[in-house]
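Visitor: I should like to take a close look at a single part of this model. Please treat the packing of one pair of helices and then follow the contacts outward from there.

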Amino acid sequence: MKAREHLATNSILLILLIIAIILIGKWNIINLLFNGQIFLIFTFGVGFYFLGTILPDADSNNRGSYIYHKKWLFILAHLVSWLEYPIARFITKRSIGHRQSLHTIIGITITSLFVIILMTLIYWYIYKDISLIYIFYWYFSLFIGQFLHLVEDKFTEPEWKINWI
């Protein structure tokens with residue numbers, strides 16, 4: 001599945017989730033839109049969710065993945081791809097390549113943790129304020145985006161399987 005397809009599929013899923021939450025009445029969208037800090041934190045979470053939809057493809061062998069062709073993602077894609085070797089060598093014992101160590105549950109767990117630590121440090125440097133709830137929400141958003149990427153790859157490649165390690 002290509003990045004555009006991942007992004008489109010996950011956009012639809014996110015819209016359906018937001019509609020369901022609004023209809024259930026557990027989320028007051030007006031309060032969200034007019035509370036600056038909550039809106040910022042929510043927006044970061046949505047951004048991490050969409051980043052997660054393409055981040056596992058940082059293991060692309062030919063660097064032809066969408067994530068390498070966006071200037072603002074280029075450095076992050078390379079940093080995550082550098083994680084592939086230690087994950088493959090010491091944890092998953094898998095070869096290095098597309099749909100290998102970064103396309104496992106442990107791979108997306110480690111890359112989510114790495115990216116969130118990095119982004120939390122940047123956020124703290126800029127805003128001088130951070131909460132563990134924000135960090136957990138961002139981690140969960142990034143992890144879910146990556147997990148859905150694996151599920152979508154499974155649907156498009158039935159012979160491929162999602163591995164824990």
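Is the crossing of α1 and α6 left-handed or right-handed?

Guide: In this predicted model, the crossing of α1 with α6 is right-handed. Two packed helices are described by the angle between their axes and the distance between the axes. Here helix α1 spans residues 3–24 and helix α6 spans residues 132–156; their axes come within 11 Å and cross at roughly 115°. On the α1 side, the contact is made by His6, Thr9, Asn10 and Leu13, and on the α6 side by Gly145, Leu148, His149, Glu152 and Asp153. Sorted by class, these residues comprise five polar, two nonpolar and two charged ones.

His149 leads from this contact to His103, since the side chains of His103 and His149 form a polar contact at 3.3 Å. His103 is located in the loop between α4 and α5. Its relative accessibility is 0%, and therefore His103 counts as buried. The side chain of His103 also makes a polar contact, at 3.5 Å, with the side chain of Asp57.

Helix α6 also takes part in the largest nonpolar core, which has 22 residues, with Leu51 and Val115 having the most contacts inside it. Two or more residues each come from α3 (36–54), α4 (71–92), α5 (105–127) and α6; α4 gives the most, with six. Leaving aside residues up to four places away in sequence, Val115 touches Phe48, Leu51, Leu55, Leu76, Val80 and Leu142. A second, separate core has five residues, among them Ile105, Ile108, Phe143 and Trp160.

Methods:
Residues numbered from 1 in each chain as written. Predicted model: local features only at pLDDT ≥ 70, side-chain atom pairs only at ≥ 80, totals over all residues. Heavy atoms only, no water. Axes fitted to C-alpha atoms, helices over the stretch in contact; angles between N-to-C directions. Helix = DSSP H or I, 4+ residues; strand = E, 2+ residues; numbered from the N terminus. Left-handed = near helix turned anticlockwise from the far one by under 90°. Contact = heavy atoms within 4.5 Å. Nonpolar A, V, L, I, M, F, W, Y, C, P; charged D, E, K, R; others polar. Core = buried A, V, L, I, M, F, W, Y, C linked by side-chain atoms within 4.5 Å. Buried < 20%, exposed > 50% of the residue type's maximum accessible area, 1.4 Å probe, protein only. Polar contact = N/O pair within 3.5 Å; in protein donor to acceptor, adjacent residues only side chain to side chain.
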